[in-house]
Amino acid sequence: MKLNYSIKLSAEDHIINITCCVIAFIIFFITLYPIYYSFISSISDGQAAMATQIYFLPVKVTLENYKIVFSEKTLYNSYIVNILRTLIGTITGVFFTSMMAYGISRKELKFRKLYSIIAIITMYFGGGLIPYYLVLRYLHLINTFSVYIIPSLINVFNMLLFMSFFRDLPGAIIESAKIDGAGEFTIFRKIVIPLSKPVLATVALFVGVYHWNDWFTSAYFVTNEKLMTLPTILMRLVNSAEAQEKLNKMMLSSAGVNIGSMKTGPTVNSIRHATMLVSIVPIMMVYPFLQKYFVKGIMVGAIKA
């Protein structure tokens, strides 16, 4: 006999459900619409979009904006450099940061509080751009691929996240491994790392997004175009497009041509939207695979390190 149990909702329950749905839809719209607007702007003719003020549908659909973006000769090489930097930087950054956090979180380590204080001080104080540049030059990192990897091996904020998580691990497991003759590195590699997937995924996402979006390092410490990353190339492309647009306006104005009569053609704004989508789509494709670990891992930050 099949029993059918149903819960009768009161008027207050219906009001709460409707309110929650409305709030969720508003948040979803606010989150998704900027990306959607960038997409329709990137496939719209720039001049037509400026004239009609698009909101939901593209105007005069064209791929000219993407043609300009991908016409940059160094774009494909910068994609490869960016992918390699993100992969290598994320793996090495997560590994070294987690290993340092594990060492400082162990009560057996002498002067561990002093090490923690020294590390935390670096979060609030820095030597400045010029001393940092001199250090990189002394270490022969300027204009090399290593300048992307070595300076970012340790991140103190991520180290605090790891320390908070490691302190919640059962101490009995580690003690049992020591009784069986396992060393610290073996315990870290075979016990701690497998139990730390949530925080590993969270920190990996943080580090990966940083490496993928960082343009500062490439712009200031790299002059070889073959080593430049995607954000730097795209920023240079947008700046050159903006300069070219200003030059065209000056030439048209001096020739007596009404700029408002120009009905078609890309603009700096449309190119900017296209470059943004080109740069964010790859990292957006990675996030769904890490989402199930992200919420649990980020809650570690609520615990004092």
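**Exercise 1. Classify K178 by its accessibility, and then describe its partner in a salt bridge.**

Solution. In this predicted model, K178 has a relative accessibility of 26%, and because buried means under 20% and exposed over 50%, K178 counts as partly exposed. The next step is to look at its side chain, which meets that of E184 in a salt bridge, with 3.2 Å from N to O. The relative accessible area of E184 is 37%, so E184 is partly exposed as well.

**Exercise 2. Find how many salt bridges the whole structure holds, and examine the pair formed by R85 and D214.**

Solution. A search of the whole structure gives two salt bridges. In the pair of R85 and D214, the side chains meet at 2.7 Å, taken from N to O. To place the two partners, note that R85 belongs to helix α4, whereas D214 sits in the loop between α11 (197–213) and α12 (216–221), so that the pair links parts of the chain that are 129 residues apart. Turning to accessibility, R85 and D214 are both buried.

**Exercise 3. Decide whether T232 is buried or exposed, and list the polar contacts of its side chain with W215 and S218.**

Solution. T232 is part of helix α13, and it counts as buried because its relative accessibility is 7%. A polar atom of the T232 side chain lies 3.2 Å from the backbone oxygen of W215, while a polar contact of 3.3 Å joins the side chain of T232 to that of S218. When residues up to four places away in sequence are not counted, T232 touches W215, S218 and A219.

**Exercise 4. Work out which helices supply the largest nonpolar core, and follow the contacts of V69.**

Solution. This core has 27 residues, of which V69, L75 and V147 touch the most other members. At least two residues each come from α3 (64–70), α4 (75–105), α7 (146–149), α13 (230–254) and α14 (268–298), and α14 gives the most, with six residues. Leaving aside neighbours within four places in sequence, V69 is in contact with L75, L234, L237, I271, A274, T275 and V278. Another core, of 24 residues, lies apart from this one and has F162, A177, I191 and V199 among its members.

**Exercise 5. Describe how helices α5 and α8 pack, and sort the residues of their contact.**

Solution. Helix α5 (residues 112–124) packs with helix α8 (residues 156–167) at an angle of about 145°, and their axes are 9 Å apart. The residues that make the contact include I120 and M123 of α5 and F157 and L160 of α8. Sorted by kind, the residues of the contact of α5 with α8 are eight nonpolar, two polar and two charged.

Notes: Residues are numbered from 1 along each chain as its sequence is written. This is a predicted model: local features need pLDDT of at least 70, side-chain atom pairs count only at pLDDT 80 or more; totals for chains, interfaces and linings use all residues. Side-chain values use heavy atoms; hydrogens and water are left out. A nonpolar core is a set of buried Ala, Val, Leu, Ile, Met, Phe, Trp, Tyr and Cys residues joined through side-chain atoms within 4.5 Å. Buried means under 20% relative accessible area, exposed over 50%, partly exposed in between (1.4 Å probe, protein chains only). Helices (H or I, at least four residues) and strands (E, at least two) are DSSP runs, numbered from the N terminus. Contact means heavy atoms within 4.5 Å. A polar contact is a pair of N or O atoms within 3.5 Å; within protein, one must be able to donate a hydrogen and the other to accept it, and residues adjacent in sequence count only if both atoms are side-chain atoms. Axes are lines fitted to C-alpha atoms, for helices over the stretch in contact, and angles run from 0 to 180 degrees between N-to-C directions. Ala, Val, Leu, Ile, Met, Phe, Trp, Tyr, Cys and Pro count as nonpolar, Asp, Glu, Lys and Arg as charged, and the others, Gly among them, as polar. A salt bridge is a side-chain nitrogen of Lys or Arg within 4 Å of a carboxyl oxygen of Asp or Glu.
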